[in-house]
Structures are given as structure tokens and as C-alpha cells.
Amino acid sequence: LAESTLLSAIIEEKTRPQALEMLEPSLFEGLRSESVFQQIFQLKNQNQEISVTRLRDLIGEDDRDWLDRITMDPSAMLPSVEAIRNSVEAIRRLQVNRLSQEIQEEIAQEERTGMASSKLNELLARKESLRRQQQQ
């Protein structure tokens with residue numbers, strides 16, 4: 001839902017500036033929508049028009065289906081700035097959780113192989129930093 005809200009906000013000219021101002025490409029790493037948002041940021045960085053037609057030309061078929069479902073939903077409403085902000089925060093929480101899980105898996109793997117204590121301390125510090133981010 002958060003990704004759909006952000007995509008709707010970017011497609012709509014009225015909310016595009018606010019949405020793009022709140023977003024960064026790394027926010028979408030590892031998400032299903034990553035390739036769509038990569039294309040959006042590429043168009044933005046090249047000062048090219050961001051439109052449904054342009055995006056459809058640049059993305060794969062599965063992503064096109066997702067884009068079409070979002071842009072052709074007759075019940076869709078223009079996202080408010082608050083909805084955009086809440087969506088960004090929801091995706092940030094997802095990313096922090098994903099990174100935390102990756103770090104935990106790395107800790108478990110390193111423990112099985114007998115990692116150096118400095119590496120373990122580094123991983124634990126990264127995990128603690130992510131935990132603090134979640135609490136903010």
C-alpha cells in the first residue's frame with residue numbers, strides 16, 4: 001500500500017514535487033517496486049518527464065501490470081501530503097527491519113564459522129544503530 005501511494009503521488013503532477021522531495025532511491029532497495037522507482041529517479045535526474053506512458057516504456061511487464069492497476073483504479077484518490085509522509089515512514093520501517101534481519105543472519109553465519117570479535121562487535125553496533133532508528 002505504501003509503495004502504491006507513493007507511486008500515485010509521483011504520477012500525479014499536483015503531488016509529485018512533495019513526493020519526490022521526501023524520497024531517495026535507497027528507500028526502495030530490495031522492494032518489489034525497486035525497478036519502477038529506479039526509473040522514476042533516472043527520469044528525474046535527467047530532467048525528463050515522469051509520466052505513466054514514459055514509465056510503461058521503461059519497465060518490465062510485471063511492473064507495467066502493477067503500474068496499470070494503480071493508475072487505472074477508479075476509486076484511487078489524490079494522496080495527501082500526510083499520506084505521502086506516512087508511506088515514506090512505513091517503507092523506512094520495512095527497510096530497517098530488512099537490514100536488521102540481514103545483520104542478524106550475518107551474525108548467525110559468522111558465529112557458526114567462528115568470527116573475530118571485532119567483526120561481531122561491528123555487526124552488533126550496526127544492529128543497535130538500526131534499533132535506535134526504529135524507535136525514533
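In this predicted model, helices α1 and α6 lie oblique to each other. The angle between them is about 135°. It falls outside the range of 65 to 115 degrees for roughly perpendicular pairs and is not over 145, the cut-off for roughly antiparallel ones, so the pair counts as oblique. The two axes are 9 Å apart. Helix α1 spans residues 2-11, and α6 spans residues 81-113. Their crossing is left-handed.

The α1 side of the contact consists of A2, E3, T5, L6 and A9. Helix α6 contributes A83, I84, S87, V88, A90 and I91. Eight of the contact residues are nonpolar, two are polar and one is charged.

L6 also reaches beyond this helix pair. Leaving aside residues up to four places away in sequence, L6 touches I84, S87, V88 and I91, together with L23, F28 and F37. L6 is listed among the residues with the most contacts inside the largest nonpolar core. The others in that list are L7, I10, L23, F28, F37 and I40.

This core comprises 27 residues. Two or more of them come from each of α1, α2 (16-22), α3 (34-45), α5 (61-71) and α6. Helix α1 gives the most, with six residues. Such grouping follows a general tendency: in soluble globular proteins, nonpolar side chains tend to be buried together.

A separate core of five residues lies apart from the largest one. Its members include V96, I107, L123 and L130.

Note on methods:
Residues numbered from 1 in each chain as written. Predicted model: local features only at pLDDT ≥ 70, side-chain atom pairs only at ≥ 80, totals over all residues. Heavy atoms only, no water. Axes fitted to C-alpha atoms, helices over the stretch in contact; angles between N-to-C directions. Helix = DSSP H or I, 4+ residues; strand = E, 2+ residues; numbered from the N terminus. Parallel < 35°, antiparallel > 145°, perpendicular 65-115°, else oblique. Left-handed = near helix turned anticlockwise from the far one by under 90°. Contact = heavy atoms within 4.5 Å. Nonpolar A, V, L, I, M, F, W, Y, C, P; charged D, E, K, R; others polar. Core = buried A, V, L, I, M, F, W, Y, C linked by side-chain atoms within 4.5 Å. Buried < 20%, exposed > 50% of the residue type's maximum accessible area, 1.4 Å probe, protein only.
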